[in-house]
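Colleague: I've just opened this one and I'm a bit lost. Could you walk me through it?

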Amino acid sequence: MIDVEPLIRTELDRLVPPPASDRANWNDVRRRARPIGRRPLVLAFAAAFAVLASAAALAAGLGGFDAWLRGAPGKPASMKAQERFRASNGRSWAAFPTTTELRELIRTRTGGHEYVLYGFRSGNSLCLKLATSSEDFQPQSCAPASVLMTISAPVLVVMGNFTFFDRASRPTALTSFGIAADGVSRVDAHAIDGTHRALVGGNAYLFVQAQPSSAARVTRISAVGPSGRRTRVSVAEFGPGRASSGSDVAPGPTKIDVRIDDPRIGWYERGERRGVSADAINLPKRERSWLRGARLVKPDPFSNFVVGLSGHYCLVTLNGMGCGPKLFPRGPLAVGTSGGYGLEFAWVHGAAADGVARVVIFLADGQRIRAPLKRNLFAALVPATKFPMRVVGYDRGGHVVAIETGLNFFRGPRVPPGAKKLEPIRSVRGPNGSTARLLVGRRVGGFKCWSVEFGGGKPVGGCMDKRATAYLRVAAVRPAGEDLFVVGEANPAVRRVELRFSNRDTVVTRPFRGVFVLAVPRDHLSRVRRRAFVVTFDADGHRRGRQRIFFRLS
Amino acid sequence: VGGAHARDLEEIYRLRQSHFLRVAIAITGDEDAAYDAVQGGFASALRYRKAFRGEGPLEAWVWRSVVNEARRARRAEQPIDAVDVAAPNGTPPDDLGVRRWIAALPERQRLAVFLRYYADLDYRSIADTLDIEVGTVSATLSSAHATLRKQLEVKR
């Protein structure tokens with residue numbers, strides 16, 4: 001008789017491998033749990049990670065970031081804002097020091113709301129936060145100060161894309177912000193719907209677009225530096241072939257010099273109360289439950305990033321936890337990553353066994369970052385687009401005692417070059433004469449790439465992974481001349497795509513090799529934002545997907 | 001006194017979200033739909049937590065909510081008789097056909113298999129989740145095993 005249990009387990013593992021837990025979002029659960037009428041502002045982050053400097057950027061001017069390095073960009077924030085910032089830092093140990101000075105960089109009003117971009121430096125962290133009168137949540141992102149020492153572009157994208165949403169999940173503003181060098185006279189945000197001038201001031205830039213169309217995002221930032229030369233900096237996106245450092249191999253040592261047998265952390269195993277107790281610090285309740293009993297450390301005392309150990313072999317941060325049957329199943333380092341949509345920099349954090357005296361992170365582009373290490377715990381802020389990375393542990397004698405690779409968290413899969421050979425499939429003409437030309441490639445190595453050209457401006461496109469099973473993904477709402485096109489991807493099962501308007505007007509098409517292009521009819525073209533639904537159907541007429549979209553001419 | 005605490009639900013979510021997600025992916029065949037089902041299932045449990053009467057483990061109660069959401073999502077997207085075994089993650093072909101047979105199992109057997117092996121639930125929790133007796137869980141899993149064993153023996 002065959003024992004089927006092991007076979008079932010193996011096959012189920014192959015059928016659905018353990019998913020990454022990075023999508024866990026309790027706040028989203030809480031939001032969904034609220035009655036519709038009282039649902040608060042819904043935040044959705046556009047997935048975007050910046051490539052810090054394009055090849056063109058390498059030619060740009062150097063330096064000009066003195067104000068940031070001194071911690072004094074812009075002007076002092078108002079007393080009220082500074083007090084609020086100090087109070088918020090004072091409420092929790094997992095925050096910046098209360099002496100951190102908040103600076104006001106840019107203040108603007110658009111779409112009926114006021115936006116204030118603040119900045120501050122704390123230790124090696126340069127941080128920007130955007131406050132708006134429309135909601136309490138203030139998106140914040142930090143970059144390591146050391147990046148400014150090596151950057152050659154006159155701008156550093158810190159938050160590539162952040163979209164504010166209202167209570168009805170309608171996008172209210174698309175934003176992008178970052179650091180600008182002295183003498184930067186102009187910054188432009190190149191978005192799906194065209195190029196928009198960003199505000200520049202206080203050694204920063206801020207782009208705010210009110211009432212954006214659905215799937216709007218910034219793809220590139222360009223800046224005119226003191227020399228008058230324009231430099232472009234890409235804002236990468238998630239997905240196949242995107243957010244890629246262009247390298248498959250993480251540099252750094254590949255051989256262990258001295259082996260640490262049975263790696264462990266003595267104080268943790270003995271139950272000694274080192275670091276700070278989560279119970280003893282004033283964290284909001286929602287951040288406390290999985291930190292219960294944890295011993296926490298701030299490897300960089302000037303940052304707000306906390307890492308700790310709890311329970312039975314659990315590595316914890318304020319964002320979540322990872323547990324296993326052993327703390328060090330693969331060697332003397334246990335490594336995690338912590339980042340988020342739109343954030344250009346991620347935290348690489350972890351635990352190092354006794355005997356590891358120094359931890360160095362080797363980025364895909366060859367840069368090395370030494371991670372602060374305290375009580376066997378380490379954390380460092382790294383560019384999210386420089387994966388894959390290699391984390392290496394050294395002993396006191398400088399011998400390599402630990403190597404952790406496979407840190408590929410933020411990097412999309414690599415697309416074979418053959419998949420990028422595209423052929424024209426179809427053209428769609430808008431009611432005002434503009435044309436969208438669809439090009440799609442053959443599936444190669446599991447990937448199928450496509451592009452839509454509009455006779456001017458940047459095409460939209462992407463590559464579909466065969467693992468993608470969604471029945472519908474609206475990739476872009478793209479103006480071209482006086483026309484507007486809706487472009488998206490559909491599952492192979494989809495045979496018909498409809499664009500339905502509120503007055504029951506409907507435009508019908510079908511996907512061509514998985515991609516569809518729809519032109520918005522003349523009667524629905526407007527510079528005032530409107531709403532419609534994209535609906536997909538299979539061969540039997542079953543509805544497979546439905547997505548609400550917002551659109552308007554630029 | 002009935003009702004569940006939000007912090008207990010949150011703890012289950014923090015510790016077990018990936019297990020819930022995995023089961024939901026197995027049911028819906030779509031990671032996005034699965035994510036929505038997990039979030040929706042927990043949201044529903046959170047909203048109606050006062051309705052929890054403590055007659056079984058809290059986690060099983062949440063499982064029921066998530067599984068129901070996932071089943072609803074599947075029904076909305078795809079007729080149940082059109083179940084395909086297409087692996088959503090590009091896994092290699094299955095020489096023995098076990099995945100195909102798992103997908104071809106009756107829904108209750110398939111759900112029991114998923115809950116047993118993806119979620120590591122015990123029979124009591126599976127029973128609470130699927131709203132059936134413990135003995136029925138045992139019989140359901142036995143039937144699933146028997147079907148698969150038979151298919152394998154034929155194959156060999």
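What follows is a chat in questions and answers about this predicted model.

Colleague: Let's begin with chain B. Which elements does chain B have, helices or strands, and how do they run from the N terminus on?

Modeller: Count the strands in chain B and you get 0, while the helices come to 7. Going from the N terminus, the order of the elements is therefore just α-α-α-α-α-α-α.

Colleague: What percentage of the residues in chain B are buried?

Modeller: A residue goes in the buried pile if its relative accessible area is under 20%. Chain B has 156 residues, and the buried ones make up 51%.

Colleague: Where does the largest share of the largest nonpolar core come from?

Modeller: That core holds 73 residues, and Leu117(A), Leu156(A), Ile221(A) and Leu309(A) touch the most other members. As for the largest share, it is 7 residues, and they come from strand S7 of chain A, residues 155-165.

Colleague: And which residues does the second, separate core include?

Modeller: This other core has 53 residues. Among its members are Val23(B), Val66(B), Val113(B) and Leu115(B).

Colleague: Now the two helices called H2, one in each chain. Are H2(A) and H2(B) parallel or oblique to each other?

Modeller: You describe two packed helices by the angle between their axes and the distance between the axes. Here the axes of H2(A), residues 26-33, and H2(B), residues 31-47, come within 8 Å and cross at roughly 60°. Angles under 35 degrees would count as roughly parallel, and 65 to 115 as roughly perpendicular. This crossing fits neither, so the two helices are oblique.

Colleague: Which residues in H2(B) do the residues of H2(A) meet?

Modeller: On the H2(A) side, the residues taking part are Trp26(A), Asp28(A), Val29(A), Arg30(A), Arg32(A) and Ala33(A). The residues they meet in H2(B) are Tyr35(B), Asp36(B), Gln39(B), Gly40(B), Phe42(B), Ala43(B), Leu46(B) and Arg47(B).

Colleague: One last puzzle, about Asn203(A). Is Asn203(A) buried or exposed?

Modeller: Most residues other than glycine have a negative phi. Asn203(A) has a positive one, near 55°, and is found in the loop between strands S10 and S11 of chain A. Its relative accessibility is 16%, and the cut-off is under 20%, so Asn203(A) counts as buried.

Colleague: What about Arg504(A), buried or exposed?

Modeller: Arg504(A) also has a positive phi, about 80°, and lies in the loop between strands S33 and S34 of chain A. With a relative accessibility of 76% against a cut-off of over 50%, Arg504(A) counts as exposed.

Conventions. Residues numbered from 1 in each chain as written. Chains lettered and ligands numbered in written order. Predicted model: local features only at pLDDT ≥ 70, side-chain atom pairs only at ≥ 80, totals over all residues. Heavy atoms only, no water. Helix = DSSP H or I, 4+ residues; strand = E, 2+ residues; numbered from the N terminus. Buried < 20%, exposed > 50% of the residue type's maximum accessible area, 1.4 Å probe, protein only. Core = buried A, V, L, I, M, F, W, Y, C linked by side-chain atoms within 4.5 Å. Axes fitted to C-alpha atoms, helices over the stretch in contact; angles between N-to-C directions. Parallel < 35°, antiparallel > 145°, perpendicular 65-115°, else oblique. Contact = heavy atoms within 4.5 Å.
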